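Please open the model in your viewer, with the sequence panel beside it, and follow the stops below in order.

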Amino acid sequence: MQVYADNAATTKMSSHAINAMLPYFDKVYGNPSSLHSIGQEAKEVLDAAREKVAACLGCEPREIYFTSGGSEADNQAIRSAAINGARKGKKHIISTAFEHHAVLHTLQKLEKEGFEVTLLDVREGHNVTAQQVKDAIREDTCLVTTMYANNEIGSVLPIAEIGAICKEAGVVFHTDAVQAAGHIAIDVKEQNIDMLSLSGHKFHGPKGVGALYVRKGLMVHNLIEGGAQERGKRAGTENIAGIVGLAAALEDACANLEANTAKVVAMRDKLIAGLSQIPHSALNGDPVNRLPGNVSFCFEGIEGESLLLLLDAKGVCASSGSACTSGSLDPSHVLLAIGRVHDVAHGSLRLSLCHYNTEEEVDHILKVVPEVVTLLRNMSPVWRDLQTGKREYIL
Amino acid sequence: MALYSEAVMDHFMNPRNVGVIENADGVGEVGNAKCGDIMKIYLKIENNIIVDVKFETFGCGSAIASSSMATEMIKGKSIDDAMKLTNKAVAEALSGLPAHKMHCSVLAEEAIKSALKNYYDKNGIPYDKSQFPDCENCAHCHE
């Protein structure tokens with residue numbers, strides 16, 4: 001049995017999305033900027049895809065800009081708000097300590113350019129509160145950018161509350177919704193979201209295509225200069241097949257949101273309950289406000305990469321925030337941000353499910369994870385020290 | 001998985017000499033949990049020959065494989081030969097390690113040297129201190 005439990009990394013494309021894309025490689029292959037009929041046919045398809053995405057988010061089609069993915073959308077949103085803010089002398093940005101690197105690294109760059117960044121603490125409840133955002137807003141704050149849901153530990157942030165606070169304070173609010181889009185109901189108007197990033201391959205669409213929603217009236221600045229595509233805000237001939245695939249996948253995900261959520265949440269909760277039985281382990285992330293498919297644990301006394309390799313050998317594809325899986329010496333910044341110490345953060349496991357997973361697969365995971373944890377603990381000098389009292393348990 | 005060679009995967013999946021030697025003649029432990037890898041080597045030495053060796057490792061796949069390979073390479077050898085084991089030899093025996101995993105083979109070399117130093121110290125055998133790396137500040141961990 002091979003179980004794919006790494007859906008937060010990427011997802012299998014749905015046959016619906018693949019079939020939707022196929023005609024746009026060799027049948028309707030025109031350039032939407034061309035005046036002839038083949039080009040104009042592609043233009044119509046592009047417009048239709050934009051309408052579908054807008055309908056899923058509760059915005060107008062003209063507020064959607066297609067990009068190469070979530071990272072580009074995050075970069076463009078944050079850069080745009082920073083440029084707009086700087087023009088008014090506002091150079092303070094609020095974000096959180098557990099953002100994706102697409103956001104954190106963009107903010108680090110802006111800091112070097114003279115912006116001041118406040119990263120909200122996420123240790124309490126492995127989440128942020130709207131009150132924390134409110135308390136951090138200053139006269140010179142030009143942007144609040146918080147993820148909708150965390151990719152590693154699954155915490156879902158209080159987006160509507162943060163949106164309301166930002167609206168009241170007159171501060172632009174961007175959310176990196178890469179993990180949320182297609183998995184959680186989003187309504188940008190109701191939730192007072194000014195900008196939102198999403199990525200096609202996180203909800204069974206294709207890789208290499210994403211979208212940025214920007215509320216009408218907000219100035220968007222180009223990352224990529226060139227032709228007048230995407231209302232002049234994102235140059236480059238449109239990835240028509242990719243955009244069609246993204247729109248089809250998002251439409252599908254939104255139409256089946258309730259049924260998929262019910263199925264995935266039940267599997268997630270069974271996994272969390274089962275893995276919690278492993279001694280000296282801890283669930284990472286908000287236990288209540290949580291992505292439907294996210295299961296994240298730390299197991300004391302073992303290291304994550306060896307855990308992943310052994311799980312892979314037993315047919316479970318998962319992920320970890322250990323240093324050895326990142327290629328750096330430090331474990332995941334997300335695990336450190338929620339207060340896990342290095343020793344424990346190295347022993348993390350993320351399982352991320354989708355509606356293609358089955359009960360049988362969950363049972364297989366529940367069988368092999370405890371076996372592998374025990375195997376590794378039995379060869380770990382750290383575990384021996386913990387067991388013999390030479391070292392104190394953290395979890 | 002293409003990340004590692006077949007030899008690494010073999011020693012990781014079927015590690016040789018895992019365990020503890022009670023009343024070992026030499027014990028060495030290097031690395032720290034903060035960095036994500038710790039290796040502990042136990043030696044049984046008779047007439048200057050390493051008659052048994054066991055290891056315990058907390059770490060990634062290449063750390064476990066390096067420990068396993070290193071113990072195989074010194075088992076039955078004289079302590080002088082064991083002192084000559086280099087991290088390069090361990091990595092080569094494993095058909096190579098990815099560049100960012102080379103420190104795992106360094107740890108294996110250091111763990112063995114640390115266990116040998118412990119043996120020398122316990123038995124009052126004189127040795128050249130410069131042969132032993134300063135594991136308190138070893139290069140693999142910059143914390």
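How many Å should the 20 residues of helix α14 (residues 359-378) of chain A span, and how far apart are its end C-alpha atoms? Before selecting them, note that this is a predicted model, in which local features need pLDDT of at least 70 and side-chain atom pairs count only at pLDDT 80 or more, while totals for chains, interfaces and linings use all residues. Residues are numbered from 1 along each chain as its sequence is written, and chains are lettered from A and ligands numbered from 1 in the order in which they are written.

**Helix α14 of chain A**

Select residues 359-378 of chain A: at 1.5 Å a residue (times one less than the number of residues) the helix should span 28 Å, and its end C-alpha atoms are 29 Å apart, which agrees. Helices here are DSSP runs of H or I with at least four residues, numbered from the N terminus. Next colour A:E361, A:V362, A:I365, A:V369, A:V372, A:V373, A:L376 and A:R377, which are buried (20 or more other C-beta atoms within 10 Å of the residue's own, against 12 or fewer for exposed, with C-beta atoms placed from the backbone). These residues cover an arc of only 120° around the axis, taken from the directions from the helix axis to the C-beta atoms, and so they lie on the same side of α14(A). Turn to the other side of α14(A) to find A:E360, A:K367 and A:E371, which are exposed.

**The two domains and the core**

Colour domain 1 (15-255) and domain 2 (257-387) of chain A separately; their bounds come from an automatic or database domain assignment. Their C-alpha centres lie 29 Å apart, and the contact between them (C-beta atoms, placed from the backbone, within 7 Å) takes 19 residues from domain 1 and 17 residues from domain 2.

Now select A:A211, A:Y213, A:V244 and A:L250, which touch the most other members of the largest nonpolar core, a set of 153 residues (buried Ala, Val, Leu, Ile, Met, Phe, Trp, Tyr and Cys joined through C-beta atoms within 7 Å). Helix α8 (residues 240-255) of chain A gives the most to this core, with 11 residues. Because both domains of chain A give residues to the core, it lies between them. Centre on A:L250, whose contacts include A:K52, A:C56 and A:F203.

**Where chain A meets chain B**

Finally, show both chains: 22 residues of chain A are in contact with 23 residues of chain B. On the chain A side, α10(A) gives the most, with five residues.

Notes
Two residues are in contact if their C-beta atoms, placed from the backbone, lie within 7 Å. Helices (H or I, at least four residues) and strands (E, at least two) are DSSP runs, numbered from the N terminus. Lists of a residue's contacts leave out its neighbours within four places in sequence.
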